[in-house]
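Visitor: Hi, I have a fresh model open and could use some company while I look around. Shall we go through it together?

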Amino acid sequence: MLESRDTLRHLIRTKLGNQKFVVVSNREPYMHEYRDGQIESIRPASGVTVALDPVMQASRGLWVAHGSGAADSEASDLNGFVHVPPKQPNYKLKRVWLSKQQEEDYYYGFANSALWPLCHVAYRRPVFREQDWKMYREVNELFADRVAEEIGDDRAFLFIQDYHFALLPRMLRKRCPRAIIAQFWHIPWPNPEVFRICPWRHEILDGMLGNDILGFHIRYHCHNFIDTVDRELEARPDREMTAIVFGGHTTKIRAFPISIDFEDVSRRAASPETKKTAMALRRRYRFPDDFILGVGADRIDYTKGLPERFDAIDRLLERYPQYRERFVFFQAAVPSRTHVGEYRRLNDEVDERVAALNQKYGRRGWQPVIFVREHIPLSTLLGLYQMARFVVVSSLHDGMNLVAKEFVASQVDSDGVLLLSQFTGAARELRGAVVINPYAVDDMAERMREAMEMEPVEVRRRMGRLRAQVRENNVYKWAADIIRKLSKLT
Ligand code: F6P
C-alpha cells in the first residue's frame with residue numbers, strides 16, 4: 001500500500017493518540033521577511049523543511065525552531081507562536097529567539113564550521129573554537145527549556161532534527177522524563193578515524209545517546225556511528241540489533257531514507273501553470289532554438305561539487321564543439337551561510353568559473369551557463385525541470401539529496417535524465433540514475449554527453465524505474481516508518 005498524507009494522519013491518530021508530537025529543528029519551515037514594505041512568508045532552501053512540513057501538516061503537532069527571518073517577530077505572537085502554513089494554517093510553529101552572538105557562535109561557528117565539515121568528507125578542515133562550543137551548549141540548553149515548557153511531565157514524542165542539536169536529547173531526557181525522544185541526523189556520519197579529531201567528541205556522543213531512536217539516511221552512516229561509539233565510549237554496541245546500551249539506556253540506531261511528497265510534486269509538475277512557467281523562462285533567458293538544457297539546483301555549499309560541475313561543462317564543450325550555441329546549463333544557486341569564510345571563498349570561486357566559461361565559449365546571443373544566485377521557488381524549478389534534458393547532482397558528499405528526488409517526481413513525461421553523484425545517500429536507492437564521480441571531471445563530462453545522446457527508450461526506461469522507486473518510498477513512508485518504531489516504545 002502506498003503511504004499518503006491520509007494514511008500517515010490515520011497512523012499518527014492510532015499510534016500516537018492524544019500525545020503531543022513536537023519537532024525541533026534549527027531552520028524553521030516558514031520565515032517571514034520584509035519585501036517592499038510588506039511582510040512576506042518564504043520557504044527556506046532546506047531538505048529538512050521540505051520533508052517535514054507535510055508530516056507536520058498530517059500530525060498537526062508543534063514545531064519549535066529558530067526564528068531567523070527579519071519579520072518573524074512581528075509576524076508571531078508575544079510568545080513566539082505563529083500558525084502555519086500561512087495560506088492554510090494547520091499546525092503551530094514556536095519560534096526561539098537567538099542573539100546575534102548566539103547565532104554567530106552556535107550556528108555559523110560550531111554547527112557549520114566544526115560539525116558540518118567534520119561529518120562531510122569534502123576535504124575542508126573543521127574549525128574547533130572553545131567559544132563556539134560553549135555557545136552550542138548554551139543554545140542547546142535554551143531549546144531544551146523552550147521545549148520543556150511545552151511538555152513538562154506529559155507523555156510526548158519529541159523528534160529532533162540534525163547536527164545543530166547533538167546535546168539536546170540528553171538535556172531533554174532530564175527535563176521531560178516521560179517523553180520518547182528521537183533524533184534524525186540529516187547529514188552523513190563519518191568513520192571513527194575522521195570523528196576522533198573533535199575535542200568534544202565524548203560530550204557529543206553522550207548527548208546523542210540520550211535518544212531512544214537515532215536515525216540516519218543510510219545503513220553505512222549507522223555503522224559508522226556504532227563504530228565511533230565503540231571506539232570512544234565505554235558503551236555496549238549491539239551490532240546485530242543495531243543498538244547501543246550506554247549508562248543503562250538503549251538507543252536504537254536505524255536507517256530511514258528521507259524523501260519527498262512524490263504525488264504533490266508530480267501533480268504540480270503536470271499542471272498548466274508549470275507549462276506557462278517553462279514558456280516564460282524560455283523567453284526570459286532567451287534559450288536558443290533547438291536548445292538542450294542541463295539544470296543544477298543547490299545551496300552554494302562546498303559539499304555540492306559546484307566547481308567540479310563547471311569544470312565538467314568546460315570539458316564537454318571543449319571536446320564536443322557541436323554542443324556550443326545549443327547547450328545551456330541553468331544553475332539555480334541559493335546563497336547559504338555566507339558569514340563563514342569557506343562559503344564566501346566558494347562564492348567567489350564559483351563566480352570566477354562561470355565568468356571564465358561564458359567568456360571562453362560565449363557567442364552573440366548565447367552563453368553556456370546561466371547562473372542565478374537567489375532563492376528559486378519550487379514552482380519555477382519545476383518549469384526548468386520540465387525543459388531539462390538532464391539534472392546534475394554532483395555532491396562530494398551528501399546525506400541524501402532531495403533535489404534528485406524532486407527532479408524524478410517532476411518527470412511526468414519521463415524524458416529527463418538524472419546524473420547523480422555516487423557520494424549521495426540517494427545514490428543507494430535511485431537505481432536508474434546515471435552515476436557520476438564528481439572528482440572525475442572528464443568522466444562527468446562524458447556522462448553529460450551520454451545523457452544528451454541517450455535513446456528516448458532508454459531515458460524512459462530509466463526514469464520509469466526511478467519514479468516507481470520514489471513514488472513508493474515517499475516522505476509519508478519515511479515518517480510512517482519512524483512513527484511505527486516510536487510507537488513500539490510506548
Ligand atoms: O539537510 C541538512 C541541512 O543542514 C539542514 O539541517 C538544513 O536545514 C539544510 O541543510 C540547509 O542549511 P541551513 O539550514 O543551514 O540553511
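Visitor: Let's start with two helices: are α1 and α18 roughly parallel or roughly perpendicular to each other?

Guide: Happy to help, and please keep in mind that this is a predicted model. The axes of α1, residues 5-16, and α18, residues 475-487, cross at roughly 10°. An angle under 35 degrees counts as roughly parallel, so α1 and α18 are roughly parallel to each other.

Visitor: And how do the axes of α1 and α18 approach each other, within what distance?

Guide: They come within 10 Å.

Visitor: Which residues meet there, between α1 and α18?

Guide: From α1 you have R5, L8, L11, I12, K15 and L16. On the α18 side they meet Y476, A479, A480, I483, R484 and S487. The residues of this contact divide into 8 nonpolar, 1 polar and 3 charged.

Visitor: Nice. Changing topic, which residues are around the ligand?

Guide: The residues around the ligand are R27, A45, S46, V48, Y107, W116, D162, Y163, H164, I187, R299 and R337. By class, this shell holds 6 nonpolar, 2 polar and 4 charged residues.

Visitor: What about oxygen atoms of the ligand, how far is one from an N or O atom in the side chain of Y107?

Guide: For Y107, that distance is 2.5 Å. R337 also has a polar side-chain atom 2.8 Å from a ligand oxygen, and for a polar side-chain atom of Y163 the distance to a ligand oxygen is 3.3 Å.

Visitor: How much of the ligand's accessible area does the protein cover?

Guide: The protein covers 89% of the 380 Å² that the ligand has on its own.

Visitor: One for the backbone: is the peptide bond from V84 to P85 cis or trans?

Guide: The bond from V84 to P85 is cis, with omega near -10°. P85 sits in the loop between β5 (81-84) and β6 (91-96).

Visitor: And which sign does phi have at Y123?

Guide: Phi is positive at Y123, about 60°, although this residue is not a glycine. You can find Y123 in the loop between α4 (100-119) and α5 (130-151).

Visitor: Great, thanks for the tour!

Conventions: Residues numbered from 1 in each chain as written. Predicted model: local features only at pLDDT ≥ 70, side-chain atom pairs only at ≥ 80, totals over all residues. Heavy atoms only, no water. Near = heavy atom within 4 Å. Polar contact = N/O pair within 3.5 Å; in protein donor to acceptor, adjacent residues only side chain to side chain. Areas by Shrake-Rupley, 256 points an atom, 1.4 Å probe, with all protein chains shown as cover. Nonpolar A, V, L, I, M, F, W, Y, C, P; charged D, E, K, R; others polar. Axes fitted to C-alpha atoms, helices over the stretch in contact; angles between N-to-C directions. Helix = DSSP H or I, 4+ residues; strand = E, 2+ residues; numbered from the N terminus. Parallel < 35°, antiparallel > 145°, perpendicular 65-115°, else oblique. Contact = heavy atoms within 4.5 Å.
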